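My notebook is open, and I'm about to go through this one piece by piece. Here is what I looked up, in the order I got to it.

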Amino acid sequence: MKKQIKNVWLPIRTLIIKEILAVWRDKKSRITLVVPPLIQLIILSHAATLDVNNISIGIFNQDSGWYSQELTQRIKGSPYFKHVYDYKKPQSIRESIDKQEVILALHLQPNFSKLVAEGNTAPVQVILDGRKSNASQIVFGYLNLIFQSYNRDILKDQGIDVPEPISIQYRSFFNPNIEYIYFTVPSLVAILSMILALMVTAMSVSRERENGTFDQLLVSPLQPWQILIGKMMPAMVISIGESTLLMIAVLFLYNIPFKGSLILLYFSMIIFLFSIVGIGLFISSICKTQQQSILGTFVFMTPTMLLSGYATPIENMPPWLQPVTNIFPIKHFFIIIRGIFLKDMPTLEVLRYSWPMVLIALFTLALSGWMFKRRLE
Amino acid sequence: MSKNKDAIHITSLGKTFPGSKKAALDNINAVIRPGIITGLIGPDGAGKTTLLRLMTGLLLPSHGKVNVFGLDTVQDAERLHDITGYMPQKFGLYEDLTVIENLNLYAALHGISEKEKSEVFEKMLHFTSLGPFTTRLAGNLSGGMKQKLGLACSLLGKPKALLLDEPSVGVDPVSRRELWKMVSDLAAEGICIVWSTSYLDEADRCSEILLLNEGKLLFYGPPKDLAKQVSKGGKEEIGFEEAFIEILGGSHRGESVLTKHMSSKKVKDAPSIQIENLTKKFGDFTAARDISFTIKQGEIFGLLGPNGAGKSTIFKMLCGLLQPTEGRALVSGYSLKTAPSEARLRIGYMAQKFSLYSDLSVKENLNFFSGVYGLIGHHRQTQIEKMISIFELTPYLADNAGLLPLGFKQRLALACSLMHEPDVLFLDEPTSGVDPLVREEFWNHIQGMAAKGVTIMVTTHFIEEAEYCDRIALIYGGSSIASGTPMALKEMVRSKALPKPTLEDAFITLIEQFDQRRPL
């Protein structure tokens, strides 16, 4: 009568089908998987830039000589600034910075041209908006370039040809024009894939706990490792699909070079997603309700975003903190995904950054499998 | 209070849900009077909740109209909400707030001024006897107390019409009596009360009943007249329950279809379930104290007790879902928590709360549970089809399990726990909230299975169900205060005052005796 087989894969297959059906059945979760990540990718790729664009500055020029006019023209002619305001009175400088019209203002003294013509050093006062210290520093940098070339030209005109002792020529490898989008978009693919994989898994067990269906699974003949695989595989399928969607969007929407090997990228992405699914399932296995799961996800997300090297370089962190960053899988995957996108990262390098993620995955998955049983109290 | 003689006019009311071909309600006409309790009865899926929601203006009628104290539910929906109180099946209490915080919240929602509040609260707390529990979290109240608090909250707006959707589901007999008393007092004040229920004893006590079946109004009038209407054929006087079953197309009694094709289990000598000194503590709270019993193969063993007595805790320890603090619980000689999956393959489990996958269809749920229990190929298909035909699930196969009427949810849950033909079946309040027809059908199956050698452990708070059990343990305050056959329990309380005790008498007397003995 009983044809129940020893085959352990049938229950797992049933679990997987159920998980995918559950996500697919729900129209809302179906849309959530596709639309918001794409919108976020498009919007965030433009928002998360460190370039300083669309900046206005102001000039209060009290000098009417040729040299100050020339300097003003050069500044106005440069592509960095959206608008250059001419101030007629000194108070305008303060007002304009207060109103955040400009991030920086120049003040040229009445005797500027005279001093230059006489071969003296002419001071230029530069007032920066300290509230935006980073951006104003960058703008000041742009301005300095203009000053330097102007200095050189004046000296040449005046017949003093001083060869510059050092001339710095910048050239960025792998991102020759320092396009920030080259840097942000691959990172965004990683971040968005991570958030989705986390969401899909972090809720999966706690939702079942909340609905009482997890009890049904626990009283069934399923072993914890079977439940684990049954929870893990659908999440992997969904997350890999999601990442693929994002990659396709990136390659079509942006002209980002893809230099490396697609196989290596998928290999490392699968490892990365395993580690994220592990973390998600772990969060889920210790939470009783979906609400707790969401909180748990946030508790994990905040340090991840701040310590992964996306927001600030890891090298700038205090030495004791730097090793801690290794526990965040996305830190390693950032290096890999940028490496594969922008330079043809060799296999050995990819492996070098992949193994910490393998460890994280093994550890968290084993822990959550154990927690399935532990949480019986 | 309005002197208007009629409270609610229902005129050729019909409701068809989008995407559904069948009408949920079809041409209902009724006039409901204030000052009495009008019962809304019928099997699950009859349209009781739909009718109540139409009366509150939460649903729009497809045709016809409802008029409550002169207000049309469509045009005057705003003003209608001021004069109606509606208590859905699961009232929206905030479980993380205390009793008084819940009252405060609902008082604020109903715009009750601070001045009035203290007086109204005092009245409500007295009325519900919740006075001593004002600082307790609503989530920690028993089922009966929750319903009373829900009732108090829906009364805060001083409604002229009170619509109660199955208020006594999940409430133990003692609390049910209290709840009924409270609502009768309200009716006496002139409030119009509609009480939907699937308990026939309650229906019998209503002044008038509306009997719905499959969206049609089968009977409207005093309960006594139902029996008259049915027995018109000349039969002698019949009871209300018989009349009810008769009008709905007769009884399911007889051999259970389920067990007809079931082979008998092999007889084993070892006890199916063995519990030794089982104790469970949650912090300071002892949910189960020193419980011991042994259940033989083919026995129906009932755990009977009021809400919150610890029935579910004992039950979960047996299934391996809770770890006992002391003692052990063995099923066929195994502790289920550590048992190999072969041992768990021998049990079936049906949880108290509906715990199938709500987003999956009926068919998908059946597929899922058969797969999890390792049924394959032809055997799997036949088992699934058998369940579909036995529990008459065919019309619902493609529907999401979460949207089924309660009775069908319970049928599906039973089906899912049975497909692998377990030796031991755990049923946690399987008939809570289902109508008498389904309840009868369930017990028919249960008794049939027991006859075939399946051991059944069931919890219930229905006294009448306990009569069907071979043996009962009466659980109260975490302890087993008495156990034995139903006869033996009645024998225990037989006295001069109670020469022919019913099981309900035994239940109440044993609890009282225990309370007196217990040092406080």
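**Entry 1: a pair inside chain B**

I started with Glu429(B), which forms a salt bridge with Lys311(B); their closest N and O atoms are 3.4 Å apart. Glu429(B) sits in the loop between β16 (424-428) and α16 (436-451) of chain B, and Lys311(B) sits in helix α11 (residues 311-318) of chain B, so this pair ties together parts that are 118 residues apart in sequence. Next I checked accessibility. Glu429(B) is buried, at 4% relative accessible area. Lys311(B) is buried too, with a value of 4%. The cut-off I used for buried is under 20%. A note to self: this is a predicted model, so everything here is computed from it.

**Entry 2: more salt bridges**

How many salt bridges are there over all chains? The rule counts 29. I jotted down the general idea: side chains with opposite charge can pair when their charged atoms come close.

Then I looked at Arg33(B) and Glu208(B), which form a salt bridge with 3.4 Å between the closest N and O atoms. This pair links distant parts of the chain, 175 residues apart: Arg33(B) is in the loop between β2 (25-32) and β3 (37-41) of chain B, while Glu208(B) is in strand β9 (residues 208-213) of chain B. Is each partner buried or partly exposed? Arg33(B) is partly exposed, at 34% relative accessible area, whereas Glu208(B) is buried, at 13%.

Glu114(B) and Lys117(B) were next on my list. Their side chains meet in a salt bridge, 3.2 Å from N to O. Why are they about one helical turn apart? They are separated by about one turn because they are three residues apart in helix α4 (residues 114-128) of chain B. Glu114(B) counts as exposed, with 62% relative accessibility, but Lys117(B) is buried, with a relative accessible area of 14%.

Over in chain A I found a network of salt bridges. It links Lys18(A), Glu19(A), Glu208(A) and Lys231(A).

**Entry 3: where the chains touch**

I moved on to the interface. In it, 31 residues of chain A are in contact with 41 residues of chain B. The area buried between the two chains is about 3400 Å², and carbon and sulfur atoms give 57% of it.

How many salt bridges cross between chain A and chain B? The rule finds one. Asp215(A) forms a salt bridge with Lys316(B), and the closest N and O atoms are 3.7 Å apart. I also noted six residue pairs in polar contact between the chains, with both residues at pLDDT 80 or more.

Which elements of chain A give two or more residues to the side that touches chain B? They are α1 (9-25), α7 (180-211) and α8 (213-219) of chain A. Of these, α1(A) gives the most, with eight residues. Sorted by class, this side of chain A has 13 nonpolar, eight polar and ten charged residues.

**Entry 4: one side of a helix**

Back in chain B, I picked helix α18 (residues 486-493) and listed its buried residues: Pro486(B), Leu489(B), Lys490(B) and Val493(B). Why do they end up on the same side of α18(B)? Because they cover an arc of only 95 degrees around the axis. What covers the buried residues of α18(B) includes α17 (463-466), β18 (471-476), β19 (479-484) and α19 (503-517) of chain B.

**Entry 5: odds and ends**

I checked backbone angles last. Gln100(A) has a phi near 60 degrees, a positive value in a residue other than glycine. Gln100(A) is in the loop between α4 (91-98) and β3 (104-108) of chain A, and it counts as partly exposed at 40% relative accessibility.

Ser332(B) isn't a glycine either, yet its phi is positive, about 50 degrees. I found Ser332(B) in the loop between β14 (326-331) and α12 (341-344) of chain B. Ser332(B) is partly exposed, with a relative accessible area of 39%.

My final lookup was Asp225(B), in helix α8 (residues 223-230) of chain B. Asp225(B) is partly exposed, at 28% relative accessible area. Its C-alpha atom is separated by 19 Å from the C-alpha atom of Pro43(B), 182 residues away along the chain.

Notes: Residues numbered from 1 in each chain as written. Chains lettered and ligands numbered in written order. Predicted model: local features only at pLDDT ≥ 70, side-chain atom pairs only at ≥ 80, totals over all residues. Heavy atoms only, no water. Contact = heavy atoms within 4.5 Å. Buried area = accessible area lost by both parts, 1.4 Å probe. Salt bridge = Lys/Arg side-chain N within 4 Å of Asp/Glu carboxyl O. Polar contact = N/O pair within 3.5 Å; in protein donor to acceptor, adjacent residues only side chain to side chain. Helix = DSSP H or I, 4+ residues; strand = E, 2+ residues; numbered from the N terminus. Nonpolar A, V, L, I, M, F, W, Y, C, P; charged D, E, K, R; others polar. Buried < 20%, exposed > 50% of the residue type's maximum accessible area, 1.4 Å probe, protein only. Arc of directions from axis to C-beta.
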